[in-house]
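Me: Could you take me through a close look at one part of this model, and then work outward from it to the rest? I am in my first year, so please go carefully and connect each step to the one before.

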Amino acid sequence: MEYLIHIAILISIYGILGLSLNLVVGFTGLLSVTQAAFYGIGAYVTAILLTSTGMNFFLAMLLGIVITAIISLAIGFVLSKFKDDYYALGSFGFNVIIYSIFLNWQSLTRGPLGIPGIPRPSLFGFTFSENIWFLVLSVVILGTIYFLCRFITTSSFGRVLKAIREDEEAISVFGYRTLWYKLAIFVISAGMAAVAGSLFASYITFIDPSSFTLTESIFILAVIILGGLANNKGAVLGAVCLILLPEILRFVGFPSDIAAQMRQVTYGVILILLMLYRPQGLVGEYRL
Amino acid sequence: MDIIPQLIVNSIIAGAIYSMVALGFNLIYGTTKFFDLGYGALAAVGGYTVFYFYKGIGLNLYIAIILGILISGAIGLLIYRLVYAPLRARKSSGMVLLVAALGVMTAVQSIVAILFTSQFQTLSRSAGSEAVYNIFGGVITQTQLIILVLGIVIMVAIGLMFRYTLFGKAIKAVGDDEEVSKIVGINTVRVIGWVFFLGSAIAGLAGILVGFDTGIEPTMGLSLLLKGVIASIIGGIGNVYGGVLGAFLLGFIENFGIWQISGEWKDAIAFGVLIIFLLFRPQGILRR
């Protein structure tokens with residue numbers, strides 16, 4: 001049972017990450033591969049605030065969102081100068097740079113040693129120390145984010161985003177400042193990733209830079225490509241599939257070291273097969 | 001041992017390795033116009049093939065190296081035939097190819113990790129007892145000297161191939177316009193296949209040389225490839241000499257950048273340079 005709860009919590013966290021990235025990649029058509037950086041910033045800000053000042057989790061999460069939003073605004077501004085392949089490559093770059101900062105700013109992040117002893121969230125004197133309650137919290141947050149994403153994507157703002165994806169020049173002829181739209185959605189998406197980071201930090205109670213590598217960003221990308229681009233349900237579905245799949249591999253009986261690598265092989269092969277046979281993913285509404 | 005001459009020597013050696021990767025990458029990008037990130041994993045394939053034949057079953061060093069180069073080339077060709085060729089035939093967008101390439105990279109490097117474990121390995125049998133030369137106060141090992149020489153040889157060979165051989169001209173023609181090349185009777189599928197074989201073989205060689213210089217691990221390809229890509233872009237993408245120029249420039253910036261700070265910042269510095277170039281001089285130093 002504990003095990004199932006653990007899986008469900010992971011699915012919620014990756015569901016949030018998938019939903020957030022889908023706003024940028026699926027709805028706006030910008031191939032960003034740097035989501036793990038924002039996920040990491042959210043996690044680190046929360047972890048540092050919780051362990052050093054002992055403030056409330058939700059306040060720390062909020063500050064994490066704010067700080068991530070500011071950083072992502074700057075990154076988004078630089079990335080907005082690039083197109084297609086170069087956009088992807090530039091976003092790679094920011095992931096690597098931010099990962100290096102986690103690893104090397106040792107006075108703040110303790111570098112490769114990581115930050116241990118991150119407390120679980122508490123609200124009005126109630127602590128979410130049992131996993132089942134933490135799951136409830138994660139699912140509530142996932143639900144909130146899901147409805148937020150649905151609200152964004154069905155609003156007139158969301159329609160402009162889709163128009164940017166289909167034909168940026170055409171929509172700018174109609175007088176829309178596409179830069180502002182792209183920046184806004186990039187920052188919103190980063191803020192959501194920060195929420196996932198806060199949850200992750202306080203769930204595992206330990207973070208180190210290795211959770212926020214480029215590979216992690218590629219994994220989040222795989223989640224939404226499998227689930228389906230530009231479909232909010234697809235993002236969550238992708239998280240369910242990609243978290244469950246390796247667990248099945250584990251039951252088949254591979255040793256844990258090989259199982260971890262088998263996971264990577266599976267993700268890779270899934271990406272290749274999807275691109276070859278079903279580029280829109282399971283329930284996607286947009287093809288790359 | 002003075003610090004400045006050593007930094008210069010280190011920069012030149014790094015530049016030689018990056019220039020090899022950049023040459024292979026440029027060859028593929030110049031012909032097919034897509035960012036083949038899977039190409040990085042072939043460096044690990046080359047390194048581990050030699051590891052298997054040379055240290056595993058004790059074959060002669062030179063035979064092992066030739067096998068390593070041929071096998072990485074062959075796997076590169078195989079990946080092209082199985083994944084990229086069908087996608088290109090379908091006129092898939094650059095994004096689709098990029099995502100497929102990410103899948104290839106993830107899958108290949110994890111397969112290598114399953115076969116050989118993800119431990120760091122050295123290729124040379126006599127680590128530490130290598131011949132060492134002094135040049136103007138900087139120290140260079142025999143392996144590093146070989147790297148430098150081979151880097152120059154490959155650059156010259158590719159330059160000559162483009163200038164004087166029919167095959168080189170065919171590659172250029174396909175890179176300029178694939179449709180028209182087909183019309184004038186160039187077997188484009190075969191030319192591109194050879195380009196993948198050659199590019200991948202060069203990547204394999206780079207992996208082998210890095211393996212003799214420092215060591216190999218399954219994930220070595222990604223950082224090597226990204227350096228090659230950065231070098232190509234800052235030098236002028238699609239330009240053979242530009243890639244080499246960019247590679248040496250990158251080598252110098254990286255090694256002098258870490259003069260006063262920790263060496264862990266290298267990757268961040270490299271991507272910082274990339275982003276600055278993309279912003280202010282996206283066409284690179286030399287135009288195609």
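Reply:
**The strand pair of chain B and its surroundings**

In chain B, strand E1 (residues 132-135) and strand E2 (residues 138-141) are paired in the antiparallel sense, and four bridges join them. Please keep in mind throughout that this is a predicted model. One of the pairings can be followed residue by residue, since Asn134(B) has Val139(B) in E2(B) as its bridge partner. Between the strands of this hairpin there are two residues, and in the hairpin Phe136(B) takes a positive phi near 45°. That sign deserves a pause, because most residues other than glycine have a negative phi.

The sign of phi gives a thread to follow elsewhere. In chain B, Lys33(B) also has a positive phi, near 60°, although this residue is not a glycine. Lys33(B) is found in the loop that runs between helix H1 (3-32) and helix H2 (41-56) of chain B. The surroundings of Lys33(B) hold 15 other C-beta atoms within 10 Å, and a residue counts as buried only from 20 such atoms and as exposed at 12 or fewer, so Lys33(B) is partly exposed. The helix that follows this loop is mostly covered, for 13 of the 16 residues of H2(B) are buried. Just after H2(B) comes Gly58(B), with a positive phi of about 70°.

In chain A there is a further residue to set beside these, namely Arg110(A), a residue other than glycine whose phi is positive and near 60°. Arg110(A) sits in the loop between helix H5 (106-109) and strand E1 (122-123) of chain A. With 18 other C-beta atoms within 10 Å, Arg110(A) is partly exposed.

Let us return to the strand pair and look at the stretch that leads into it. Gln119(B) has its place in the loop between H4 and E1 of chain B. Gln119(B) has 10 other C-beta atoms within 10 Å, and this is why it is exposed. Its C-alpha atom is separated by 8.4 Å from that of Ile216(B), a residue 97 places away along the chain. Another pair gives a second example of separation along the chain: Ile269(B) and Lys169(B) are 100 residues apart in sequence, and their C-alpha atoms are 36 Å apart in space. Ile269(B) belongs to helix H11 (residues 266-280) of chain B, and with 19 other C-beta atoms within 10 Å it is partly exposed. Once its neighbours within four places in sequence are left aside, Ile269(B) is in contact with Ile253(B), Glu254(B) and Gly257(B).

From chain B we can now cross to its partner. The contact between the chains takes 32 residues from chain A and 33 residues from chain B. On the side of chain A that touches chain B, the elements giving two or more residues are helix H4 (84-104), helix H10 (214-227) and helix H12 (256-277) of chain A. Among these, H4(A) gives the most, with 13 residues. By class, this side of chain A has 22 nonpolar, seven polar and three charged residues.

H12(A) repays a closer look. This helix has 22 residues and reaches 31 Å from its first C-alpha to its last, which is close to the 32 Å expected at 1.5 Å a residue. Its buried residues include Gln261(A), Arg263(A), Tyr267(A), Ile270(A) and Leu271(A). The buried residues of H12(A) pack against H10 and helix H11 (232-252) of chain A, and also against helix H3 (61-89) and helix H4 (94-116) of chain B. Leu271(A) appears again in the largest nonpolar core, which has 202 residues, where Ala222(A), Leu271(A), Ile17(B), Ala100(B) and Ala206(B) have the most contacts. Leaving aside its neighbours within four places in sequence, Ala222(A) is in contact with Leu242(A), Tyr267(A), Ile270(A) and Leu271(A).

Finally, we can step back to chain A as a whole. Chain A holds 12 helices and two strands, and from the N terminus on its elements run α-α-α-α-α-β-β-α-α-α-α-α-α-α. Along its principal axes, the C-alpha trace of chain A spans about 55 × 45 × 35 Å. A compact globule of 288 residues would have a radius of gyration near 19 Å, so the 18 Å of chain A agrees with that expectation. Of the 288 residues in chain A, 52% are buried. Among contacts in chain A between residues at least 6 apart in sequence, 77% join residues at least 24 apart.

Technical notes:
Residues numbered from 1 in each chain as written. Chains lettered and ligands numbered in written order. Predicted model: local features only at pLDDT ≥ 70, side-chain atom pairs only at ≥ 80, totals over all residues. Contact = placed C-beta atoms within 7 Å. Nonpolar A, V, L, I, M, F, W, Y, C, P; charged D, E, K, R; others polar. Rg over C-alpha atoms; globule rule 2.2 N^0.38 Å. Core = buried A, V, L, I, M, F, W, Y, C linked by C-beta atoms within 7 Å. Expected span 1.5 Å × (residues − 1). Pairing = 2+ DSSP bridges.
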